[in-house]
Amino acid sequence: VSFAANDITLDCNGAVLNSAGNGGDGIAAYGSNGITIKNCVFQNFDMAFGVNNLQNTLIDNNVITRSNAGGHGIENSFSMNGVNITNNNITMGTGAAIALYVSLNSGTGNIISNNILTASTSGGSGLGIWGKGAVEENWIISGNTFTGPEGGGFNNAMYLDNVSYCN
């Protein structure tokens with residue numbers, strides 16, 4: 001599914017989107033504003049959400065699984081402002097459940113909270129944030145639970161009130 005417009009809501013109401021082993025992106029949104037994606041189940045995509053330059057976006061209450069290969073559950077490149085990634089349950093193989101590749105002055109007012117992020121194999125991570133000036137201003141990263149063989153926690157990020165478990 002590709003979003004090329006602004007102010008779009010996709011409420012799957014629990015529907016399953018499965019790549020049938022073909023990989024690819026479940027959702028592609030590049031430069032969109034006001035996107036809401038909620039209540040979806042994504043299975044076996046390389047990236048459930050492949051996004052760039054998001055503004056005022058909500059990714060809420062989704063289930064994302066990819067157990068065998070690399071890839072990321074949610075990947076954003078460049079900047080993001082007013083993005084809320086909340087209440088998701090993401091299980092990945094060797095990639096990051098949430099991977100944010102952000103540039104200098106990457107944005108403000110982003111919330112990553114109350115997610116269950118599982119890296120099911122060694123080398124995976126729950127949340128990876130890479131880039132210059134990655135976490136700018138007014139980001140809230142809290143209440144997340146990380147599980148995996150190595151705790152599945154953070155790469156290159158500071159965080160508050162999160163829980164990490166080793167299997």
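Which residue in strand 8 does Val41 stand opposite? The points below answer this and describe the surrounding structure.

1. Status of the model. The structure is a predicted model. The protein chain has an average pLDDT of 75, and 68% of the residues reach a score of at least 70. Over residues 150-161, however, the pLDDT falls below 50, although this stretch has 39 contacts in the model beyond near neighbours in sequence. Where pLDDT is low, the predicted coordinates should not be read in detail.

2. Pairing around strand 8. The residue opposite Val41 is Val63, in strand 8. Strand 6 and strand 8 run parallel and are joined by 3 bridges. Strand 8 also runs parallel to strand 10, and 4 bridges join these two. One pair in this second set of links is Arg66 with its bridge partner Met92, which belongs to strand 10.

3. The two faces of strand 8. The side chains alternate along this strand, which covers residues 63-66. Ile64 and Arg66 point to one face and are buried. Val63 and Thr65 point to the other face and are not buried. The student may note that Arg66 therefore counts as buried because its relative accessible area is under 20%.

4. The nonpolar core. The largest nonpolar core contains 30 residues, and Phe42, Phe49 and Ile98 have the most contacts inside it. At least two residues of this core come from each of strand 4 (25-30), strand 7 (47-60), strand 9 (72-86), strand 10 (89-92) and strand 11 (96-102). Strand 7 gives the most, with 5 residues. As general background, nonpolar side chains in soluble globular proteins tend to be buried together.

5. The surroundings of Phe42. Leaving aside residues up to four places away in sequence, Phe42 touches Leu17, Gly26, Ile27, Ile37, Ala48, Phe49, Asn62, Val63, Ile64 and Thr65. Among these neighbours, Phe49 is also listed with Phe42 for the most contacts inside the core. Val63, Ile64 and Thr65, also touched by Phe42, lie in strand 8.

6. The disulfide. The model has 1 disulfide, which joins Cys12 to Cys40 with an S to S distance of 2.1 Å. The link is right-handed, with 75° about the S-S bond. Cys12 lies in the loop between strand 2 (9-11) and strand 3 (16-18), and Cys40 in the loop between strand 5 (36-38) and strand 6 (41-43), so the pair ties together parts that are 28 residues apart in sequence. Cys12 and Cys40 are both buried.

How values were computed:
Residues are numbered from 1 along each chain as its sequence is written. This is a predicted model: local features need pLDDT of at least 70, side-chain atom pairs count only at pLDDT 80 or more; totals for chains, interfaces and linings use all residues. Side-chain values use heavy atoms; hydrogens and water are left out. A disulfide is a pair of cysteine sulfur atoms within 2.5 Å. Helices (H or I, at least four residues) and strands (E, at least two) are DSSP runs, numbered from the N terminus. Buried means under 20% relative accessible area, exposed over 50%, partly exposed in between (1.4 Å probe, protein chains only). pLDDT is the predictor's confidence in each residue, from 0 to 100. Contact means heavy atoms within 4.5 Å. A nonpolar core is a set of buried Ala, Val, Leu, Ile, Met, Phe, Trp, Tyr and Cys residues joined through side-chain atoms within 4.5 Å. Two strands pair if DSSP finds at least two bridges between them.
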